Amino acid sequence: MACGFRRSIACQLSKVLDLPPESLIKSISAVPVSKKEEVADFQLSVDSLLENNNDRLRQDIQVQATRLAEKLKCDTVVSEISTGQGTVNFKINRELLTKTVLQQVMEDGSKYGLKSELFSGLPPKKVVVEFSSPNVAKRFHVGHLRSTIIGNFIANLKEALGHQVTRINYLGDWGMQFGLLGTGFQLFGYEEKLQSNPLQHLFERLGVHFDEYSGESFYREKSQEVLQLLDSKGLLQKTIKGTAVVDLSRNGDPSICTVRRSDGTSLYATRDLAAAIDRMDKYNFDTMIYVTDKGQKRHFQQVFQILQMMGYDWAERCRHVPFGVVQGMKTRRGDVTFLEDVLNEIQLRMLQNMAFTKTTRELESPRETAERVGLAALIIQDFRGLLLSDYQFSWDRALQSRGDTGVFLQYTHARLHSLEETFGCGYLNDFNPACLQEPQSVLILQHLLRFDEVLYRSSQDLQPRHIVSYLLTLSHLAAVAHKTLHVKDSPPEVAGARLHLFRAVRSVLASGMKLLGITPVCRM
């Protein structure tokens, strides 16, 4: 990706450096756009080539960059080569950049950025993602919102990259509250219970689905099998109080993990061990990801350690993605505790905000639009920082129509969709790249080049903030361009080229929003 430009540069570098192009591709990065100055399109960090060399060479990075640049030549792809602070910079032929990027966006559609050479050589894998995981015997807490939207994002991203993803909702149903509901609560009962709950409503707005609903009680018998297996391996130790524990000190961890109560019943850890073993038997996964709050970090560390002690080498394929606490989420009636309060507040506040907009009166279903825009606002505010961080929630900040918010993303998408509807029919057959050489056009094209790198970063650390930051910048660039690159009353050739540019922006914006779990609106 980066439309083949990265590979073209790598091929030229490989001849000079006597290295295979594949080893250079990830060292060549698209340059972030700058409002202050025109920047090159790609840069090579010379330091990355010297990782295995000595300190003397490292001290001479700038000289190395200059010498390398002098050995390279411009060609039909690269129009200018320069050096920066320890970098060699490459500027792409402007008309080629324009034509190639826009054609690639249109051809790839929702797959733009995902076909990149950055992802080449990565085989499809079997991925299990456990997320949401509420207690079906209790009202749904706002904490389940974070687990749901984060897990949904991770599953979306893995699926987009071609992996076979199994989404599991592991329902908490153990203990006194569940006992009061009766013991015959089978899978149909889970789904029946969810249907009448606000979390299920959230799943249908967000487009969240699960391939498997299972619960702690499902592993009642299997937990006893795990305890027998631990005992047979000499890992189970009985305490004076009658409980059974696993000593983790042999793994360098000076703690113990209780796996059975004194009355013989299993614990959370035992049931998670049973569930992990069962899932490996069922799905033979390459990776299993648990999305829960950071308070469970220690729990999962112990579960993974015990699996390894039991001889399950695949325990290293298990990963916990922890998230922080949302603080200050209040409605006009006070502190928010339950999910239905959040959903109601979203709709109420967005409807009030939209009431002042002329186009709202023309909407077929203003409540549905309000909810989608409001959920976008929640998701963007949640995803802007590190998932592990606690953050202070603000309704006013989240629902601003300008600034770095989900409302702004939805507004940008709706405005660009309207532009296509108004002018698109007669213009979108072909375009002249020479009509898109204004600074505002070039900035957008340069930013579109970076989408694959952003997706790659998120795929590595499972943090949505990279995509959020990218989409917000794209929306701000589009807002400036919309004011200056007029379609109406422009010559047909110019209008057509600009419509192609705006359509490419909307396409990438929509793709990125969907990965985050946001349903783009076409009117608001």
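**Exercise 1. Classify the two ends of the K282–E212 salt bridge in this predicted model.**

Solution.
Step 1. K282 has a relative accessibility of 45%. Buried requires under 20% and exposed requires over 50%, so K282 at 45% counts as partly exposed.
Step 2. E212 has a relative accessible area of 9% and is therefore buried.
Step 3. The closest N and O atoms of K282 and E212 are 3.4 Å apart. A salt bridge needs a Lys or Arg side-chain nitrogen within 4 Å of an Asp or Glu carboxyl oxygen, so the pair K282 and E212 at 3.4 Å qualifies.
Step 4. The two residues are 70 apart in the chain: K282 belongs to helix α11 (residues 268-283), and E212 to strand β7 (residues 212-215).

**Exercise 2. Which of D108 and K115 is buried and which is exposed?**

Solution.
Step 1. D108 and K115 form a salt bridge, with 3.6 Å between the closest N and O atoms.
Step 2. The relative accessible area of D108 is 10%, so D108 is buried.
Step 3. K115 has 53% relative accessibility and so counts as exposed.

**Exercise 3. Describe the salt bridge between D452 and R6, then place the pair in its network.**

Solution.
Step 1. An N to O distance of 3.0 Å joins the side chains of D452 and R6.
Step 2. This pair links distant parts of the chain, since D452 lies in helix α18 and R6 in helix α1, 446 residues apart.
Step 3. D452 has a relative accessible area of 1%, so D452 is buried. R6, at 0% relative accessibility, also counts as buried.
Step 4. Through salt bridges with shared partners, R6, E117, D452 and E453 form one network.
Step 5. For the whole model, the count of salt bridges comes to 17.

**Exercise 4. How many residues of helix α18 are buried, and against which elements do they pack?**

Solution.
Step 1. Helix α18 spans residues 451-461, and 8 of its 11 residues are buried, making the helix mostly covered.
Step 2. The buried residues are F451, D452, E453, V454, L455, Y456, S458 and S459.
Step 3. Their helical packing partners are α1 (5-17), α6 (143-160), α17 (439-449), α19 (465-484) and α20 (492-516), and they also pack against β1 (28-30).
Step 4. L462, just after α18, has a positive phi of about 60 degrees.

**Exercise 5. Characterise the packing of α17 against α20.**

Solution.
Step 1. The axes of α17 and α20 are 11 Å apart, and the helices pack at an angle of about 35 degrees.
Step 2. The crossing of α17 past α20 is left-handed.
Step 3. On the α17 side, the contact uses S441, I444, L445 and L448; on the α20 side, L501, A504, V505 and V508.
Step 4. Sorted by type, the contact residues are 7 nonpolar, 1 polar and no charged.

**Exercise 6. In what sense does strand β5 pair with β6 and with β11?**

Solution.
Step 1. Strand β5 covers residues 126-130 and is mostly covered, with 4 of its 5 residues buried.
Step 2. With strand β6 (residues 164-171), β5 pairs in the parallel sense over 5 bridges. In this pairing, K126 stands opposite Q164.
Step 3. With strand β11 (residues 287-293), β5 pairs in the parallel sense over 4 bridges. Here V128 stands opposite M288.

How values were computed: Residues numbered from 1 in each chain as written. Predicted model: local features only at pLDDT ≥ 70, side-chain atom pairs only at ≥ 80, totals over all residues. Heavy atoms only, no water. Buried < 20%, exposed > 50% of the residue type's maximum accessible area, 1.4 Å probe, protein only. Contact = heavy atoms within 4.5 Å. Pairing = 2+ DSSP bridges. Axes fitted to C-alpha atoms, helices over the stretch in contact; angles between N-to-C directions. Left-handed = near helix turned anticlockwise from the far one by under 90°. Nonpolar A, V, L, I, M, F, W, Y, C, P; charged D, E, K, R; others polar.
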